[in-house]
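Please look through the predicted model shown here, and follow the account below from a single side-chain contact outwards to the sheet and the helices.

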Amino acid sequence: MELSYILNELGEDRELYFNAVAPPILQTSNFAARSVADLRHMLQHEPEAHLYTRGNNPTVTILEKKIAALEGAEHAIAFGSGIAAVSAAVLSQVNTGDHVVCVKKPYTWTNTLMKRFLPRFGVEVTMVDGTDPENYRNAIKLNTRLLYLESPNSYTFELQDIAAVVAIAKEHNCKTIIDNSFASPVNQNPIAFGVDLVVHSCTKYIGGHSDTMGGIVCGSRETINRIFEREYMTLGAILSPHDAWLLIRGLRTLPVRMERIAASTSKVVDFLVKHPKVEKVHFPLLSSHPQYNLAQKQLRNNTGQFSVLLKTENIKKVEAFCDRLQHFLMAASWGGHESLIYPIAASYTDHGLKPTLPFNLVRFYIGLEDPEYLIRDIEQALEEI
Ligand SMILES: Cc1ncc(COP(=O)(O)O)c(C=O)c1O
């Protein structure tokens with residue numbers, strides 16, 4: 001299916017809504033049946049029917065159809081946040097007594113799900129360094145049901161070899177789930193590598209404007225319908241029609257934004273790798289990166305996130321660098337129009353847990369601004385180091 005068709009036409013039955021170019025926000029909690037027979041039919045086919053908005057809503061359905069097509073999946077189901085989508089996908093694959101192998105250092109709340117939440121329900125989790133697929137194989141036990149990936153990985157952007165991990169999963173009769181938020185559905189399609197379920201935080205690139213939250217799970221019709229009937233309907237973490245509408249609007253410009261972000265990020269990374277005050281740039285699409293070949297195989301283009309190790313032993317200098325940036329907002333998340341930094345130094349306190357990442361690591365996200373404008377800003381802030 002062509003990208004232009006998916007983004008502009010698929011799922012939009014405009015004749016049903018006065019040929020309006022933008023879809024309506026169907027802000028309704030429920031839908032009336034015309035007769036008892038009609039209601040009976042709706043009840044029997046709820047995964048497809050419009051009966052109640054906690055199940056299906058036509059505005060949300062448009063979004064689901066488009067993202068499923070972008071990922072090459074049969075079907076998709078939208079949630080109110082990325083982590084709701086991650087949690088529902090994972091919970092749909094495990095029962096008490098099962099074991100999960102998960103990539104080390106996933107997104108913070110995925111980490112909490114794996115380390116603190118699943119064990120409460122008798123699900124055991126092993127975290128592995130995902131840069132070598134054999135680590136997944138070596139962690140598999142008789143009760144392993146699920147291999148979980150996030151590629152590129154949070155903060156340091158290591159990749160997992162998706163096809164190799166899928167092959168290991170199939171040998172051992174395990175399912176695979178990948179969080180594909182970092183790449184976006186434009187730059188990486190894991191279903192083509194055989195992954196069972198692909199998850200996105202739509203809050204990031206898909207929304208693209210830092211003004212809405214959402215999540216989605218893509219997979220086979222059978223698996224998605226099973227999630228609908230169990231995790232989706234009981235946990236109720238649905239996406240509102242208004243947020244779905246904002247995410248559809250975000251999708252219209254997704255490829256254009258990703259192209260601009262990729263080009264700008266290359267320029268900023270080029271500047272940083274040559275800078276004497278930068279020790280290292282974590283960015284898999286650098287030709288010097290140990291996983292460069294794999295990155296080229298899996299990713300169509302680079303994205304806007306990378307992290308930088310500043311050349312200093314002094315946390316105060318890292319703080320001064322971050323505080324001096326004028327055109328980067330200091331914030332969590334990423335994927336919007338605005339460039340951001342997220343300094344690990346903020347997690348260092350005089351008391352409490354010691355973070356596993358170094359204090360001189362700063363995560364960057366490059367937005368839609370002129371890259372030269374951003375480079376000038378970084379250049380002047382690096383004077384603090
Ligand atoms: C890789 C990744 N997955 C999932 C999430 C969770 O998404 P949300 O904040 O939409 O719940 C995030 C959020 O930062 C993320 O970075």
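In this predicted model, the side chains of Ser210 and Glu338 are joined by a polar contact of 2.7 Å. Ser210 itself belongs to the loop that runs between β6 (197-201) and β7 (215-219), and once its neighbours within four places in sequence are set aside, the residues in contact with Ser210 are Gly336 and Glu338. Is Ser210 buried or exposed? With a relative accessible area of 46%, Ser210 falls between these two classes and counts as partly exposed, because the buried class ends at 20% and the exposed class begins over 50%. Further along the chain, Ile227 is 17 residues from Ser210, and the C-alpha atoms of the two are separated by 28 Å.

The strands that flank this loop, β6 and β7, are also members of an open sheet of seven strands, whose order is β1-β7-β6-β5-β4-β2-β3 and whose pairing is mixed. The edges of the sheet are formed by β1 (75-79) and β3 (124-128), each of which has a single partner strand, so that one side of each is left without a neighbour in the sheet. On average, and with direction ignored, neighbouring strands of this sheet are turned by 20° against each other.

Within the sheet, strand β2 (residues 99-103) and strand β4 (residues 144-150) run parallel and are joined by four bridges, and in this pairing His99 stands opposite Thr144 of β4. Helix α3 (residues 58-71) packs on the sheet, where it touches β1, β6 and β7, and the direction of α3 makes about 125° with that of β1. Another helix, α7 (residues 162-171), lies across β4 and β5 (175-179) and runs at about 175° to β4.

The last step concerns a contact between helices. Two packed helices are described by the angle between their axes together with the distance between those axes. For helix α10 (residues 241-252) and helix α11 (residues 254-274), the axes come within 4 Å and cross at roughly 55°. Helix α10 is therefore oblique to α11, because an angle of this kind lies neither under 35 degrees nor in the range of 65 to 115. On the side of α10, the contact is made by Gly250, Leu251 and Arg252, while α11 contributes Leu254, Pro255 and Arg257. Sorted by class, the contact of α10 with α11 comprises three nonpolar residues, one polar residue and two charged residues.

Terms used. Residues numbered from 1 in each chain as written. Predicted model: local features only at pLDDT ≥ 70, side-chain atom pairs only at ≥ 80, totals over all residues. Heavy atoms only, no water. Axes fitted to C-alpha atoms, helices over the stretch in contact; angles between N-to-C directions. Helix = DSSP H or I, 4+ residues; strand = E, 2+ residues; numbered from the N terminus. Parallel < 35°, antiparallel > 145°, perpendicular 65-115°, else oblique. Contact = heavy atoms within 4.5 Å. Nonpolar A, V, L, I, M, F, W, Y, C, P; charged D, E, K, R; others polar. Buried < 20%, exposed > 50% of the residue type's maximum accessible area, 1.4 Å probe, protein only. Polar contact = N/O pair within 3.5 Å; in protein donor to acceptor, adjacent residues only side chain to side chain. Pairing = 2+ DSSP bridges.
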